[in-house]
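Student: I have a protein structure open in front of me and I would like to learn how to read it. Could you walk me through some of its features?

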Amino acid sequence: MSMFKTVQQRLGYAPGTSAYLRSRRTRKLISNIVVVLLLSGVTAFVITRQSGGAGFSLPKSVGIANSDKLTSSPAAESQSALPEETSREAADGYKLETGPLAVTEVSDIVLHDEKRNKDLHVRIFYPVQQGKYPVIVFSHGAGGSESCCESLTRHWATYGYITMQPTHDDSIVQRRDTGDDTLRFPQAVRDALKKPALWESRPHDISFLLDSLPELQKRIPGLMEKIDSKRIGVAGHSMGSYTAEAVGGALIDLPGHPASDFSDPRAKAILCLSPQGPGQFGLSAHSFDKITRPFMGVTGSLDNLGPQANAAWHKIPFERSESGDKYEVFIEGANHMSFVSAQTLLAARSSQAAAILGYTNSASLAFWDAYLKEDPAAREFLRSDGMERASHGAAKLSRR
């Protein structure tokens, strides 16, 4: 008897009962989440082993706080920092601890795109405290969903960002929830690699979400007058990095439509965790030539998913985009999943995994602060050797 059937019987959800019929959606959601978590963990373990320097800590979780408990913080009141503070950031790492702002989560809100006749599920984190905040849209990897990566998106929100995570059409959870009960994670990934319709729908999801910012402010009272629509960043992991690249200006070869342009000028800065090089998702050797916006890529020595997708391949978008405001973070010992989760199957390596996630959060926040908040201290950190010093050489930042 399978594990899932045993769990279903113990919970009283035997086929044919009324409880079974009423709980179909709930059972599918629980099963899907378990499958995705197990497969993600196994993938990260099989691909490589964790290693890396110590020195950065995993951001502490931030609970939902009530606005009447908020107090003013010097970090929240000033975008600038004194030179000695910049020096301390270089020594200790950039904004590693949980930020000063309490955060609220909207776990799932559905937007309907009439033009494409589709629903888009979105997860949102935003500061409780009143104010204008930049927006960061984060795109998940192939087969993933909005439920990923809160170690990044929640952490960013505590420093004064509104983060939004759409669920794309290749999501295994979404596809199962709409009736594709037999779908497995490897098949979802294969579909994402081979189906151009999925390559096209992802950047369209981002642009539709940006179109929907006024609607979100109306539907979510806590967002009213908080969204700064002139300061928007787009980020992603794995296939989500492809999505961010396309929104940022990378040209995509679709069947019958070479060099298709899905760029959205509202995106002012692009962050790619495990950037995607040429040879898949319609990306070619010259796809990145027209990326002119600020760009940061993050990869690692063990970020390998095959003979083509090695660490050098992940650096290609950085190397071939137009020079100026381009950054590449290379983390020794980081594998493909290290940038979005500190989970590891080996307890002895948990501190190393947390350190690598810390490097990712540190670099990304410095990048967002520099280009979405125009923070001079963040720009100075990006120009310095602060990443390398704070990580004891495990993380290195290149610029061009």
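Tutor: Gladly! Let's begin with one helix and its buried residues: in α11 they are M239, G240, S241, Y242, T243, A244, E245, A246 and V247. Keep in mind that this is a predicted model.

Student: How enclosed is α11 by the rest of the structure?

Tutor: Nine of the nine residues of α11 are buried, so the helix is largely enclosed by the rest of the structure. The cut-off behind the word "buried" is a relative accessible area under 20%. For the whole protein, buried residues make up 53% of the 400 residues.

Student: Which strands does α11 lie across?

Tutor: Helix α11, residues 239-247, lies across β3 (133-139), β5 (227-237), β8 (267-273) and β9. Its direction is at about 135° to β5. Just after the helix comes G249, with a positive phi near 125°.

Student: Which residues of α9 and α11 meet?

Tutor: From α9, the residues are L198, W199, E200, R202, P203 and I206, and they meet M239, G240, Y242, T243, A246 and V247 of α11. By type, this contact has eight nonpolar, two polar and two charged residues. As for geometry, the axes of α9 (residues 196-211) and α11 come within 9 Å and cross at roughly 65°. That crossing is right-handed.

Student: Now the strands, please. How do strands of a sheet pair?

Tutor: The general idea is that strands of a sheet pair through backbone hydrogen bonds, either parallel or antiparallel. Here, an open sheet of nine strands follows the order β1-β2-β4-β3-β5-β8-β9-β10-β11, and its pairing is mixed. At the edges are β1 (103-113) and β11 (395-399), each pairing on one side only. From one strand to the next, the twist averages 20°.

Student: What can I learn by following β5?

Tutor: Start with its cover: eight of the eleven residues of β5 are buried, which makes the strand mostly covered. Then look at its partners. β3 and β5 run parallel and are joined by six bridges, with Y133 opposite I227 of β5. β5 also pairs with β8 in the parallel sense, over six bridges. In that pairing, V234 has I270 of β8 as its bridge partner.

Student: How many bridges join β9 to β10?

Tutor: Seven bridges join β9 (residues 295-302) to β10 (residues 326-335), and these strands run parallel. To find the place on your screen, look for M296, which stands opposite Y327 in β10.

Student: Where can I see an antiparallel pair?

Tutor: Try β6 (residues 251-254) and β7 (residues 257-261), which pair in the antiparallel sense over three bridges. L254 has H257 of β7 as its bridge partner. This is a hairpin with two residues between the strands, and G256 takes a positive phi near 80° there.

Student: What sign does phi have in most residues other than glycine?

Tutor: In general, most residues other than glycine have a negative phi. Two cases to look up here are K95 and F281. K95 is not a glycine, yet its phi is positive, about 50°; you will find K95 in the loop between α5 (83-92) and β1. F281, also not a glycine, has a positive phi of about 55°, and its place is in the loop between β8 and β9.

Student: Is F281 buried or exposed?

Tutor: Its relative accessibility is 4%, so F281 counts as buried.

Student: Let's finish with another helix. Which strands does α14 lie across?

Tutor: α14 lies across β3, β5, β8, β9, β10 and β11, and it runs at about 170° to β8. This helix also has a helix partner: the axes of α6 (residues 150-157) and α14 (residues 350-372) come within 11 Å and cross at roughly 40°. The two are therefore oblique to each other, and their crossing is right-handed.

Student: Which residues make that contact?

Tutor: α6 brings S151, L152, H155 and W156, while α14 brings L357, T360, N361, S364, L365 and W368. Sorted by type, the contact of α6 with α14 has five nonpolar, five polar and no charged residues.

Note on methods: Residues are numbered from 1 along each chain as its sequence is written. This is a predicted model: local features need pLDDT of at least 70, side-chain atom pairs count only at pLDDT 80 or more; totals for chains, interfaces and linings use all residues. Side-chain values use heavy atoms; hydrogens and water are left out. Axes are lines fitted to C-alpha atoms, for helices over the stretch in contact, and angles run from 0 to 180 degrees between N-to-C directions. Helices (H or I, at least four residues) and strands (E, at least two) are DSSP runs, numbered from the N terminus. Angles under 35 degrees count as roughly parallel, over 145 as roughly antiparallel, 65 to 115 as roughly perpendicular and the rest as oblique. A crossing is left-handed if the near helix is turned anticlockwise from the far one by less than a right angle, and right-handed if clockwise. Contact means heavy atoms within 4.5 Å. Ala, Val, Leu, Ile, Met, Phe, Trp, Tyr, Cys and Pro count as nonpolar, Asp, Glu, Lys and Arg as charged, and the others, Gly among them, as polar. Two strands pair if DSSP finds at least two bridges between them. Buried means under 20% relative accessible area, exposed over 50%, partly exposed in between (1.4 Å probe, protein chains only).
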